[in-house]
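I am opening a fresh notebook page for this chain. My entries follow, in the order I looked things up.

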Amino acid sequence: MAMLTYKRLPYLKAYIHVLAIMPLVYLGLAIDADALGGDPVQAVIHFLGKGALNLLLATLVISPLAKRYKEGLLISTRRVVGLYCFFYASLHLVAFAWLDLGWDIALLLDELVKRPYIWLGMIAFIILLLLALTSPMWVRRKMKRNWQKLHNFIYLAAILTPVHYYLSVKSGWIEPSIYALLVVLLLSQRRK
């Protein structure tokens, strides 16, 4: 395996940018081609939510990979992957509030009462928001040890997100269960 160097790092980050943006291009083309099935609104919402979940898992897998292959520079890619995770989660929330609820606050409050999984998603989103806001290096330096304490909440977001997904789907528990299993496996790697 080729060693990651400071010279190669910008290329890896550029590759991450391309990989993170490609699904959005695909989604845009699918919307344009009217290829999202019978319920395109739900298709968009779920697509963006799964994108956020996939990026959250990718964020969690970086540290074990860096440790296993002794590639310390790989850790510096966590921030960009994490920010894309937050970006997808933001798009997921906007799609839900706009396309599903039409920005109706009363309907949102009603949904919060009727559907507890929305609370789980909102808690996970708030965690991701706080992590994104505190991701710049100058904030990290200012927060000192509190930065790591805050960023450990990513593990809570990683647990809440598959549960949110599981409770939000009307049918089909297999895919959310696979995500939950992957989260458990990744979190178990942290203890070793």
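In which helix of the protein chain is confidence lowest, and in which is it highest? I checked this early, as the model is predicted. Helix 4, residues 105-114, has the lowest confidence, with a mean of 87. Helix 3, residues 78-100, has the highest, at 96. I then looked up the whole protein chain and found an average pLDDT of 92. At least 70 is the score of 98% of the residues.

Next entry: the fold. I found nine helices in the protein chain and zero strands. Read from the N terminus, the order is α-α-α-α-α-α-α-α-α. The radius of gyration is 18 Å, and the globule rule gives 16 Å for 192 residues; the two are close, so I note the protein chain as being as compact as a globular protein of that length. I also took down the span of the C-alpha trace along its principal axes, about 50 × 40 × 35 Å.

Next entry: contacts and burial. I looked at contacts in the protein chain with a separation of 6 or more. Of these, 68% are between residues 24 or more positions apart. Buried residues make up 36% of the 192 in the protein chain.

Last entry: surface and charge. I noted an accessible surface of about 12,200 Å² for the protein chain. Carbon and sulfur atoms hold 69% of that surface. For charges, I listed 21 positive and 9 negative in the protein chain. The mean position of the positive charges lies 26 Å from that of the negative ones.

How values were computed
Residues numbered from 1 in each chain as written. Predicted model: local features only at pLDDT ≥ 70, side-chain atom pairs only at ≥ 80, totals over all residues. Heavy atoms only, no water. Helix = DSSP H or I, 4+ residues; strand = E, 2+ residues; numbered from the N terminus. Rg over C-alpha atoms; globule rule 2.2 N^0.38 Å. Buried < 20%, exposed > 50% of the residue type's maximum accessible area, 1.4 Å probe, protein only. Contact = heavy atoms within 4.5 Å. Areas by Shrake-Rupley, 256 points an atom, 1.4 Å probe, with all protein chains shown as cover. Lys, Arg positive; Asp, Glu negative; His and termini not counted. Charge placed at Lys NZ, Arg CZ, Asp CG, Glu CD. pLDDT = per-residue confidence, 0-100.
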